[in-house]
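Could you walk me through this model in the viewer, one selection at a time? I would like to know what to click on next and what is there.

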Amino acid sequence: MRKNLFVRYFSICAAVILISVTFLGMMLLLFSARYFGDEKQRGLRSLLDEAALISRASFDEQTNTFENAQILKVGYELVSRAADAFVFLTDVNGQVLLCSETQPCAHTDAVLTEEVMAQALEDGISEQGDLDDLYESRYYTVSRTLQLEDGTIYGVLFASSSADSLTSYLGNVATMFLISAAAVLIFAFVVIYFVTLDMVRPLRQMSAAMNSFAKGDFSARLEVTGNDEISELSASINNMAASLAEMETTRRSFTANVSHELKTPMTIIGGFVDGILDGTIDREHERHYLTIVSGEVKRLSRLITSMLAISRMEAGEMKLNLAQVEITGLVMETVFSFEKRIEEKHLQVEGLDMDKCYVRADKELIHQVVYNLVDNAVKFANDGGTISFSVHAEGGKAYISVRNTGDGIVKEEISRVFDRFYKTDRSRSMNKEGVGLGLYIVKSVVNLHGGDIIVKSQKGEYCEFVFSLDLAKPDRKEKKQQEPADRPKE
């Protein structure tokens, strides 16, 4: 296939050059023939001008004859020899009177046809032919009438030259052209060969790289030189290889993490169930261990639900049901659902006395975002610590902040907290319920709404998540209903 591509490209270029050179040669011969004919006829006309002067000097108007015919013939011979042609004189009826050639010749006692004479007397003859069968081969022939001052025509001069010289001339032109064309073709073919080889080489490298990619090896990289389309394609392939390598790493990490997250609860479930079935666990403790099994089943359910949600978002199947959402009330409702856990850890909650703020969002998905962030804050807040909330509008966006005191996140881990299945070492040791998908889902949902989320943290002090959503104006009916409740009591 590689050789075919090289041969095909080389053959096309070579064929185009050959056709072009052939066409150029044909046009050169055509224009050369036309140029040669024009020059030949121009020379014959000059010859007739000189012959006309000689003829006029020898013509006797009284007798209407040419005197000293022998001298006139010699004059014709002299001017004809210089032009490599011959001249002959006829009367108005076409009878040849005198010729510069040695007798006998084709003109001896010849009488030109009426058609030839009619053309000669009217417009003059200028042709390449046999002069109506007068010659056995082709000749260049021009004519000129001889006139008195009163316009009376007393004779017609013809000048002819063999067209065989054209063949010799075109042969010389063709020989020079062929020699030049051969040199140019050899040079062009050598250049095309190496240029084609240089153009095909990156394609061969791309093919080899693609074969490596197909086998799962994404380490191959192409050399990028220049700024042409091939270079752009090479750069794109390198970027694709880097992306594929990253995706492969992510896929392997995802597979390993999923296997780990599935294996742990499955092992616990299987162990306790087998213990109950074979009698290792007595009946008094069955309920306790069944409660643990139930918790692990719920954990598996949460993992599968999260993975299905991620799959839908990444496949673009997650459709947003956008509506006006009062985000402050949503935050408060979510916090109230964590009341028991908050009291168990003796946490202080701040910032719930916020003004109402309306955003345009999918209420169910944004509730999941807030839930995950609050769950994360409660989970990692220090005992007796504080959880703070804030909502403010700026530049058409609402910025929602969830902050908790505690150990925070080290700087090296901040860039990875939104990765799938990523957990800090501390989260793994302190909490066994999370699966490392909550923050990934949070970021995906926020991005799906056209917003963004950032992390601020100070090790040993606090951790804060801030996400943004588009603001929305509340409906008039809703606004009227809220006015009495918002009005301060007297």
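Begin by selecting Glu114, Glu115 and Glu122: these residues of helix 3 are exposed. The model is a predicted one, so keep that in mind as you go.

Now turn to the other face. Select Val116, Met117 and Ala120, which are buried in helix 3, the stretch covering residues 114–122. Why do these three sit on the same side of helix 3? Their arc around the axis spans only 95 degrees, and that places them together on one side. As a general point, an α-helix has 3.6 residues a turn, so residues three or four places apart point the same way.

Keep the buried residues of helix 3 displayed and add strand 3 (86–90), strand 6 (139–147) and strand 7 (153–162), against which they pack. Then step just past the end of helix 3 to Gly124, where phi is positive at about 90 degrees.

Next, jump to Asp60, which lies in strand 1 (residues 59–60). Asp60 is buried but has no salt bridge. Measure across to Arg56, the nearest side chain of opposite charge, and the distance is 8.3 Å. Leaving aside residues up to four places away in sequence, Asp60 touches Thr65 and Glu67, so show those two as sticks.

Finally, zoom out to the whole protein chain. Its secondary structure comprises 13 helices and 14 strands, and 38% of its 490 residues are buried. Of the contacts with a separation of 6 or more, 66% join residues 24 or more positions apart. If you switch on a surface, the accessible area is about 29800 Å², with 54% belonging to carbon and sulfur atoms.

Definitions and conventions: Residues are numbered from 1 along each chain as its sequence is written. This is a predicted model: local features need pLDDT of at least 70, side-chain atom pairs count only at pLDDT 80 or more; totals for chains, interfaces and linings use all residues. Side-chain values use heavy atoms; hydrogens and water are left out. Buried means under 20% relative accessible area, exposed over 50%, partly exposed in between (1.4 Å probe, protein chains only). Helices (H or I, at least four residues) and strands (E, at least two) are DSSP runs, numbered from the N terminus. The arc is that of the directions from the helix axis to the C-beta atoms. Contact means heavy atoms within 4.5 Å. Accessible areas come from the Shrake-Rupley method with a 1.4 Å probe; for residues, only the protein chains shown count as cover. Lys and Arg count as positive and Asp and Glu as negative; His and the chain ends are not counted. A salt bridge is a side-chain nitrogen of Lys or Arg within 4 Å of a carboxyl oxygen of Asp or Glu.
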